[in-house]
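Dear colleague,

I am passing on the structure below, together with notes on what turned up when I went through it. Please read the notes with the coordinates open beside them.

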Amino acid sequence: MSERKIKLQIKDMTKKYDNGDGVEHINLDIYEGEIVTFLGPSGCGKTTILRTIGGFLDVTSGDITIDGQSIIGLPPEKRPTAMVFQSYNLWPHMTIYENLAFGLKLRKVPKAEIDADIKKMLALVSMSGCEKKYPNQMSGGQQQRIAIARSLLLKPSLLLLDEPFSALDAKIRQQMREELKKIQSDLGITVVFVTHDQEEAMSL
């Protein structure tokens with residue numbers, strides 16, 4: 001196991017908000033291909049840590065590296081990370097195809113490649129054939145699958161998930177956890193998953 005590569009390293013990271021809340025002296029090594037869950041009650045700092053990794057919050061001090069490179073000076077879109085939120089954050093006025101293609105178009109990916117990637121990714125999240133639908137024509141579980149697919153299309157080095165299944169009912173949540181584990185092992189990506197649900201953390 002000594003050959004395992006450290007994917008994400010957090011070194012003595014502190015993030016303080018103006019009111020004095022926050023996290024301090026966080027040290028963590030996450031290895032390539034791992035699924036790591038942050039478990040704890042609301043307000044304990046899980047999302048704060050996740051957002052500093054994703055670039056949505058600046059750190060007060062310390063460093064965060066991915067593949068040995070510091071990322072703390074980079075905006076979210078320049079980091080090799082993708083984040084999936086609790087609210088699906090899909091654009092309601094865009095079709096599923098347009099939602100999925102958006103980030104790839106920004107990266108100037110050729111259209112033929114976008115089409116092929118989207119087709120493959122929809123198959124991976126068991127949502128083939130829904131390209132022309134709109135988000136409001138789908139259930140919560142389906143929308144969250146699309147949100148995960150959208151993140152994975154950017155081929156992130158690290159996938160960040162912030163309580164992504166908490167708005168779903170128990171049966172769908174369980175199904176989504178299984179799907180996520182399968183996708184993670186298929187793609188071999190590294191995942192950080194925030195939850196306040198002990199059963200969810202253990203099952204992942």
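Lysine 108 is exposed in this predicted model, with a relative accessible area of 71%, where exposed stands for over 50% relative accessible area, buried for under 20% and partly exposed for what lies in between (1.4 Å probe, protein chains only). Lysine 108 sits in the loop between H2 and H3, and its C-alpha atom is separated by 23 Å from that of cysteine 130, which lies 22 residues apart from lysine 108 along the chain. Helices (H or I, at least four residues) and strands (E, at least two) are DSSP runs, numbered from the N terminus.

Two points on how to read the rest. Residues are numbered from 1 along each chain as its sequence is written, and side-chain values use heavy atoms, with hydrogens and water left out. As this is a predicted model, local features need pLDDT of at least 70 and side-chain atom pairs count only at pLDDT 80 or more, whereas totals for chains, interfaces and linings use all residues.

On the surface, Trp91, Phe102 and Leu106 form a nonpolar patch, with about 290 Å² of accessible area together. Accessible areas come from the Shrake-Rupley method with a 1.4 Å probe, and for residues only the protein chains shown count as cover. Patches are made of residues with over 30% relative accessible area and no salt bridge, like charges being joined within 9 Å and nonpolar side chains (Val, Leu, Ile, Met, Phe, Trp, Tyr) within 5 Å. Phenylalanine 102 belongs to helix H2 (residues 96-106) and is partly exposed, with a relative accessible area of 33%.

Next, the salt bridges. Side chains of opposite charge can pair when their charged atoms come close. A salt bridge here is a side-chain nitrogen of Lys or Arg within 4 Å of a carboxyl oxygen of Asp or Glu, and a search of the whole structure finds 15 of them. Lysine 7, which counts as buried at 7% relative accessibility, takes part in a salt bridge with glutamate 32 (3.7 Å, N to O). That pair links distant parts of the chain, 25 residues apart, with glutamate 32 in the loop between strand S2 (22-31) and strand S3 (35-39) and lysine 7 in strand S1 (residues 6-16). Aspartate 67 also forms a salt bridge with lysine 7, the closest N and O atoms being 3.1 Å apart; here the partners are 60 residues apart, aspartate 67 being in the loop between strand S4 (61-66) and strand S5 (69-70). Both acidic partners are partly exposed, glutamate 32 with a relative accessible area of 39% and aspartate 67 at 34% relative accessibility.

Glutamate 179 and arginine 145 form another salt bridge, with the closest N and O atoms 3.8 Å apart, and this pair joins helix H5 (residues 170-187) to helix H4 across 34 residues of chain. Both glutamate 179 and arginine 145 are buried. In addition, salt bridges that share partners join Arg173, Arg177, Asp197, Glu199 and Glu200 into one network.

Finally, the spaces. On a 1 Å grid over the protein atoms alone, a cavity is a set of points where a 1.4 Å probe fits but cannot get out, while a pocket is an open set with protein on both sides within 12 Å along at least five of seven lines; lining residues have an atom within 4 Å of a point. Grid points are joined across faces, edges and corners, and a volume is the space filled by probe spheres set on the points.

The search gives 1 cavity of 30 Å³ or more, with about 50 Å³ of space. Its lining consists of Val125, Arg145, Ile148, Phe165, Met176, Glu179, Leu180 and Ile183, and H5 gives the most to that lining, with 4 residues.

The largest pocket holds about 650 Å³ of space, and of its 27 lining residues the closest to the centre are Glu77, Met83, Gly103, Arg150 and Leu154. Strand S6 (81-84), H2 and helix H4 (140-153) each give two or more residues to this lining. The second largest pocket holds about 240 Å³, and the largest share of its lining, 4 residues, comes from H3.

Best regards
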